[in-house]
Amino acid sequence: MEETQSSKVVDSSVAAHKCPWTPPNHPNSFVDCDDFEMMKKCPYHAAHLMLWSRDEKPFSPYRLEEIPLPMQTKILMQVRFDGSFGFPGGFVDEVESNMPSTFPEFLSLLQQGVSRELFEEMNFGKDMRPSYVYSCYPTGKEEQVMLHFFMCQLSPAQMKAISWCSIISTSDEVVGLSLVPLFTLNDGRRGLPTFLTNSFAGNAVEQLLKSILTEGILSEEEVKKAYQVAFQLLQKRGAGTQAFEFIR
Ligand SMILES: O=c1[nH]cnc2c1ncn2[C@@H]1O[C@H](COP(=O)(O)OP(=O)(O)O)[C@@H](O)[C@H]1O
């Protein structure tokens, strides 16, 4: 099909976040989408948000002295009611019931939706305007959900405040908060590889890895290695590779 220039979303912030590498052996294929005409045709839209911060001074989380390089970055994920990990966010009903005609309006609704979800789930960030990263959809599903991903960099103080805010949140969809271990310990498996063997909602693991790469938090080599070790760990457990067969 021929693409017209107008149907393509031309947005420099999207190009800036293009992932240089897609995880191999990705059993669920999620296809990147930057075509607004296609987005408009999709009946369901969900938006999720990665909150992260960069501390000036490196720190060793969990008082583990064996961490080869102390962490400087914190990435927040949540443990959902179903036991899987994901980012704050959810379905954005506003775009489903009233699809705007332009991409900027559409983005603005998604931003409002994801901030509203964040506030509901974590009691934080009501008026936040997070940056758009990219959109994609899962293939091979009858009911199509377009997944839109946003990021917002917080100050270290805001990041600290979040855990307090979430304690008083009344949401029953979130059962815990977690920082992502952004290191691999000397045995080559504890840390990020082990974290990646958890179950993740939607394409959260891909969103996480893309963000780590595009923000230069870890090198491509480190991310690839962690992903490969996680995959081997799951196979060794005889548990298949469920963590990579994302939950919808
Ligand atoms: O962190 C995430 N990243 C990507 N997709 C996710 C994440 N969490 C949930 N999803 C997917 O987004 C859609 C909406 O799920 P979610 O549980 O967030 O919505 P809800 O809270 O509005 O019910 C589902 O298709 C789910 O698989």
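## Burial, and where R54 falls

A residue counts as buried if 20 or more other C-beta atoms lie within 10 Å of its own, as exposed if 12 or fewer do, and as partly exposed in between. Keep that cut-off in mind for R54 in this predicted model. R54 has 15 other C-beta atoms within 10 Å, so it comes out as partly exposed.

R54 sits in strand 2. Leaving out residues up to four places away in sequence, R54 touches Q72 and T73. As for L209, it is 155 residues from R54 in sequence, and the two C-alpha atoms are 17 Å apart in space.

## The chain overall

The chain's secondary structure adds up to 8 helices and 8 strands. Of its 248 residues, 35% are buried. If you look at contacts between residues at least 6 apart in sequence, 72% of them join residues at least 24 apart.

## Around the ligand

Which residues come nearest to the ligand? Out of 16 residues around it, those are G86, G90, A201, G202 and A204. Strand 2 (44-59), strand 5 (89-91), strand 7 (145-154) and helix 7 (204-214) each give two or more residues to this shell. Strand 5 has the largest share, with 3 residues.

As for chemistry, the shell splits by class into 7 nonpolar, 7 polar and 2 charged residues.

## Strand 6 and its neighbours

Strand 6 covers residues 131-138, and 6 of its 8 residues are buried, so the rest of the structure largely encloses it. It pairs with strand 1 (residues 30-32) in the antiparallel sense, over 3 bridges. In that pairing, D32 stands opposite C136 of strand 6.

Strand 6 also pairs with strand 7, again antiparallel, this time over 5 bridges. Here Y134 has F149 of strand 7 as its bridge partner. As background, side chains in a regular strand alternate between the two faces of the sheet.

## The nonpolar core and helix 4

The largest nonpolar core holds 55 residues, and the members that touch the most others are L49, L110 and F150. Helix 4 (residues 103-122) gives the most to this core, with 7 residues. In soluble globular proteins, nonpolar side chains do tend to be buried together. Beyond four places in sequence, L110 touches H45, A47, V92, V95 and H148.

Helix 4 has 20 residues and reaches 28 Å from first C-alpha to last, close to the 28 Å expected at 1.5 Å a residue. Which of its residues are buried? They are F106, L107, L109, L110, Q111, G113, V114, S115, E117, L118, E121 and M122. In an α-helix there are 3.6 residues a turn, so residues three or four places apart point the same way. Just after helix 4, N123 takes a positive phi of about 60°.

## Helix 7

Why is helix 7 described as largely enclosed by the rest of the structure? Because 10 of its 11 residues are buried. The buried residues in helix 7 are A204, V205, E206, Q207, L208, L209, K210, S211, I212 and L213. Among them is A204, which is also one of the residues that come nearest to the ligand. Following helix 7 is G216, with a positive phi near 65°.

Conventions: Residues numbered from 1 in each chain as written. Predicted model: local features only at pLDDT ≥ 70, side-chain atom pairs only at ≥ 80, totals over all residues. Near = placed C-beta within 6 Å. Helix = DSSP H or I, 4+ residues; strand = E, 2+ residues; numbered from the N terminus. Nonpolar A, V, L, I, M, F, W, Y, C, P; charged D, E, K, R; others polar. Contact = placed C-beta atoms within 7 Å. Pairing = 2+ DSSP bridges. Core = buried A, V, L, I, M, F, W, Y, C linked by C-beta atoms within 7 Å. Expected span 1.5 Å × (residues − 1).
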